[in-house]
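The following exercises concern salt bridges, helix packing and helix geometry. Please study the sequence and the structure before reading the worked solutions.

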Amino acid sequence: MTSLTGALTSLGVTSPVMAAPMAGGPTTPRLVTAAAEAGCLGFLAGGYKSADALGAQLDEVRAATDVFGVNLFAPNRLPVDPDAYRRYAAAVQEVAAGYGLTVDDVPREDDDAWSDKIDLLLAAAVPVVSFTFGVPEPAVVDALRRVGSLTVQTITSPREVDEAVTAGVDVLAVQAAAAGGHRGTLHPERPSDEAELPELVAATRARTDLPVLAAGGISTPADVRAALQAGAAGVLVGTVLLRSEESGASAVHQAAIAEQRRVTVVTRAFSGRPARGLRNDFIDRFDDIAPLGYPALHHLTSGLRRAAAAAGDPELVNLWAGTGYRNATAEPAGLILQRLSGLA
């Protein structure tokens, strides 16, 4: 705990509240910079970007602040059954045709340009690097440590602690089921741990001496206090920032959050991995027939999702949101973060 606190303090971080990485657009360089200006640590989301695109965002953030982290999707491919994929593609095609789109009936599998992004971060020597979906090889963690990066591994259950510890990471980010967007589980084929966040933090700390960050469903100062009292060294918030002035979430996404009329559900219909979002027609139609398979299903539905977002159609968009989404407000991100930390 002391090493994490010391490392963050040396960066100028004065708040235990951090801005979580939200891949796909919501996290912008402006949001990360706003977090730093509020005394918080913000994470750029490296997922779904090329190394060049991530590098451009790194340059933009670094021009404004040295206080930031970067999150990567570590390789942990969940291969899709080819026959199940073809059946699902045929079903989705019926909807995609309405936008003049043709979905690919051949699964696309990749590792999200993992090696290129690791090379970028080794050259850039960023302060903090976190991993989601998979655990990096110990050699990768060692290399990042040698250039001065603090490493953070996302887990969703105490059962995943040993895998993270074996890799040699410095910190664990424990994500509860209430989190918006993808579950950071290392084993999406297993039933998820449904424990409340404070319970999950306490159970994780009972298995390791590594410092723990808490994530998932945190949207009020009371949520922050509960996580810290359970033993977390800090908390990560995402959904509560979706409507902030610095958010890059699409207009249709922000409008659905603001309406506050939908419930959140966990679905694999959009990406082939469990993720929590606002219930809509796409989930109702496809969740029961969607196979596991990431990133194949992500690529399958990406064109349709972009087209629907551009058209302002919330029924075909992945409206990622955690259970506390109704507390998201249209304000500067710094003010939201300071209020959560009790400083505003």
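**Exercise 1. Describe the salt bridge between Arg285 and Glu94.**

Step 1. Arg285 and Glu94 form a salt bridge whose closest N and O atoms are 2.9 Å apart. A salt bridge here is a side-chain nitrogen of Lys or Arg within 4 Å of a carboxyl oxygen of Asp or Glu. The model is a predicted one, in which local features need pLDDT of at least 70 and side-chain atom pairs count only at pLDDT 80 or more, while totals for chains, interfaces and linings use all residues. Residues are numbered from 1 along each chain as its sequence is written, and side-chain values use heavy atoms, with hydrogens and water left out.

Step 2. Place the two partners. Because Arg285 belongs to helix 11 and Glu94 to helix 4, the pair ties together parts 191 residues apart in sequence. Helices (H or I, at least four residues) and strands (E, at least two) are DSSP runs, numbered from the N terminus.

Step 3. Consider accessibility, where buried means under 20% relative accessible area, exposed over 50%, and partly exposed in between (1.4 Å probe, protein chains only). Arg285 is partly exposed at 45%, whereas Glu94 is exposed at 56%.

**Exercise 2. Determine how many salt bridges the rule gives, and examine further examples.**

Step 1. The count comes to 12 salt bridges.

Step 2. One of these joins Arg207 and Asp162, at 3.6 Å from N to O. Arg207 lies in the loop between helix 8 (197–205) and strand 8 (212–215), and Asp162 lies in helix 7 (residues 161–167), so this pair ties together parts 45 residues apart in sequence. Arg207 is partly exposed, at 44% relative accessible area, and Asp162 is partly exposed at 45%.

Step 3. Arg108 and Asp110 also meet through their side chains in a salt bridge, at 3.5 Å from N to O. Arg108 has a relative accessible area of 49% and is partly exposed; Asp110, at 29%, is partly exposed.

Step 4. Salt bridges also link Asp142, Arg145 and Asp170 in a network.

**Exercise 3. Establish how the axes of helix 5 and helix 6 are arranged.**

Step 1. The axes of helix 5 (residues 114–124) and helix 6 (residues 138–146) come within 9 Å and cross at roughly 25 degrees. Axes are lines fitted to C-alpha atoms, for helices over the stretch in contact, and angles run from 0 to 180 degrees between N-to-C directions.

Step 2. Helix 5 and helix 6 are therefore roughly parallel to each other. Angles under 35 degrees count as roughly parallel, over 145 as roughly antiparallel, 65 to 115 as roughly perpendicular and the rest as oblique.

Step 3. Trp114, Ile118, Leu121 and Leu122 of helix 5 make the contact with Val140, Ala143 and Leu144 of helix 6. Contact means heavy atoms within 4.5 Å.

**Exercise 4. Characterise helix 12 and its surroundings.**

Step 1. Helix 12 (residues 296–311) has 16 residues and reaches 24 Å from its first C-alpha to its last, close to the expected 22 Å. The expected span is 1.5 Å times one less than the number of residues.

Step 2. The buried residues of helix 12 include Leu297, Leu300, Leu304 and Ala308. Among the elements that cover its buried residues are helix 4 (82–96) and helix 11 (281–286).

Step 3. Gly303 also has its place in helix 12, and Gly303 is partly exposed at 24% relative accessible area. Gly303 and Thr102 are 201 residues apart in sequence and 8.9 Å apart in space, C-alpha to C-alpha.

Step 4. Just after helix 12, Gly312 adopts a positive phi of about 75 degrees.
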